[in-house]
Amino acid sequence: MEPLYESVVSCPCCESEYPTARVRSSFKRAVSSDTDFCCYYKHDVNADFYVVRVCPRCGYATTENGSRELRHDQKKAYFEQIGPSWKPRSFSGERTREQALLCYKLALLSAQAIGEKARLIAGLLHHIAWLHRYGREEEQERRFLRHALEAYKSVFEHEHVENDAKLMYLIGELHRRLDEPREAVRWFSRVVQDPSIMDAAMIQASRRQWQFIREQTAGAVPEWIADGAAEGGAAAVPS
């Protein structure tokens, strides 16, 4: 069985229909994942390469989670900002990492042009960082992790998702990956210590990463962790 198949979708922007490649469910099983949920697959086909669909006619790119219908002002904004520079091309069929990266960047530009939901934009930025990670492009990976971190924090601050444990964990983990352990510990501690959070998996993941930071400091409790106790943190990892 071939890992890819074609599905016909409708463009929310120009309303034309076009084929896009999708990965069969049996080929989407990840064999491992990083602590920020970047997945690695057993088969040669990487499911992350096919998340974005790109209209060959107008270039509008989005994902299954994007807006299915656009208002007139959103379409106008897209065609004014991006449409003039688009040259018709197709991304159907098998994609290389470089092609997948281009698709994600098109989706990011499209989302920004129409004022898409902040959480979707944050996810696109994070996926772009993963695409650079697959290619071992550390500088670009860190650049987009930084953008994703700031976007996730904006979502947390403005969308009132105070008990979203996965979002809080991700903010802490991206701080850790960007060598900002003090901020990482603060976010991990919020997940662990908030009695309203019932997400056992995220609580455990936050404890694990908190402990990992302690081990990186040779078991010592840095002064900034002790100081964090007065800010709602703690000097030791809760069991």
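Helix α5 is mostly covered, since 11 of its 13 residues are buried. The model in which this helix appears is a predicted one, and the report below starts from α5 before moving outward to the rest of the chain.

**Helix α5 and its surroundings**

The helix runs over residues 165-177, and because a rise of 1.5 Å a residue leads one to expect a span of 18 Å, the separation of 18 Å between its end C-alpha atoms agrees with that expectation. The buried residues of α5 include Ala 165, Leu 167, Met 168, Tyr 169 and Leu 170, and further along the helix Glu 173, His 175 and Arg 176 are also among them. The cover over these buried residues comes from several elements, including α3, α4, α6 and α7. After α5 comes Asp 179, a residue with a positive phi near 60 degrees.

The helices named as part of this cover occupy the following residues.

| Helix | Residues |
|---|---|
| α3 | 118-134 |
| α4 | 138-158 |
| α6 | 181-193 |
| α7 | 200-216 |

**A buried residue in α4**

Phe 144 lies in helix α4. Its relative accessible area is 6%, and because buried means under 20%, Phe 144 counts as buried. Leaving aside neighbours within four places in sequence, Phe 144 is in contact with Lys 105, Leu 125, Ile 128, Ala 129 and His 132. For one of these partners, Leu 125, the C-alpha atom is separated from that of Phe 144 by 5.9 Å, although the two residues are 19 residues apart along the chain.

**The hairpin at the start of the chain**

In which sense do strands β1 and β2 pair, and over how many bridges? Strand β1, residues 4-10, and strand β2, residues 17-23, pair in the antiparallel sense, and seven bridges join them. One of the bridge partnerships links Glu 6 with Ala 21 in β2. The two strands form a hairpin with six residues between them, and in the turn Glu 15 has a positive phi of about 70 degrees.

Ser 7 lies in strand β1, and its relative accessibility of 17% is why it counts as buried. If residues up to four places away in sequence are not counted, Ser 7 touches Tyr 18, Pro 19, Thr 20 and Arg 22.

**The largest pocket**

The largest pocket holds about 850 Å³ of space. Its lining is made up of 31 residues, and those nearest its centre are Val 51, Thr 63, Asn 65, Tyr 104 and His 127. Which helix gives the largest share of this lining? That share, seven residues, comes from α3, while β2, β4, α3 and α5 each supply at least two residues.

**The chain as a whole**

The chain has eight helices and six strands, and read along the sequence these follow the pattern β-β-β-β-β-β-α-α-α-α-α-α-α-α. Of its 239 residues, 49% count as buried. Among contacts between residues at least 6 apart in sequence, 57% join residues at least 24 apart.

The confidence of the prediction also deserves attention. The chain averages a pLDDT of 90, and 90% of the residues score at least 70. Over residues 226-239, however, pLDDT stays under 50, and the model has 28 contacts beyond four places in sequence for this stretch. Where pLDDT is low, the predicted coordinates should not be read in detail.

Technical notes. Residues are numbered from 1 along each chain as its sequence is written. This is a predicted model: local features need pLDDT of at least 70, side-chain atom pairs count only at pLDDT 80 or more; totals for chains, interfaces and linings use all residues. Side-chain values use heavy atoms; hydrogens and water are left out. Two strands pair if DSSP finds at least two bridges between them. Helices (H or I, at least four residues) and strands (E, at least two) are DSSP runs, numbered from the N terminus. Buried means under 20% relative accessible area, exposed over 50%, partly exposed in between (1.4 Å probe, protein chains only). Contact means heavy atoms within 4.5 Å. pLDDT is the predictor's confidence in each residue, from 0 to 100. The expected span of a helix is 1.5 Å times one less than its number of residues. On a 1 Å grid over the protein atoms alone, a cavity is a set of points where a 1.4 Å probe fits but cannot get out, and a pocket is an open set with protein on both sides within 12 Å along at least five of seven lines; lining residues have an atom within 4 Å of a point. Grid points are joined across faces, edges and corners, and a volume is the space filled by probe spheres set on the points.
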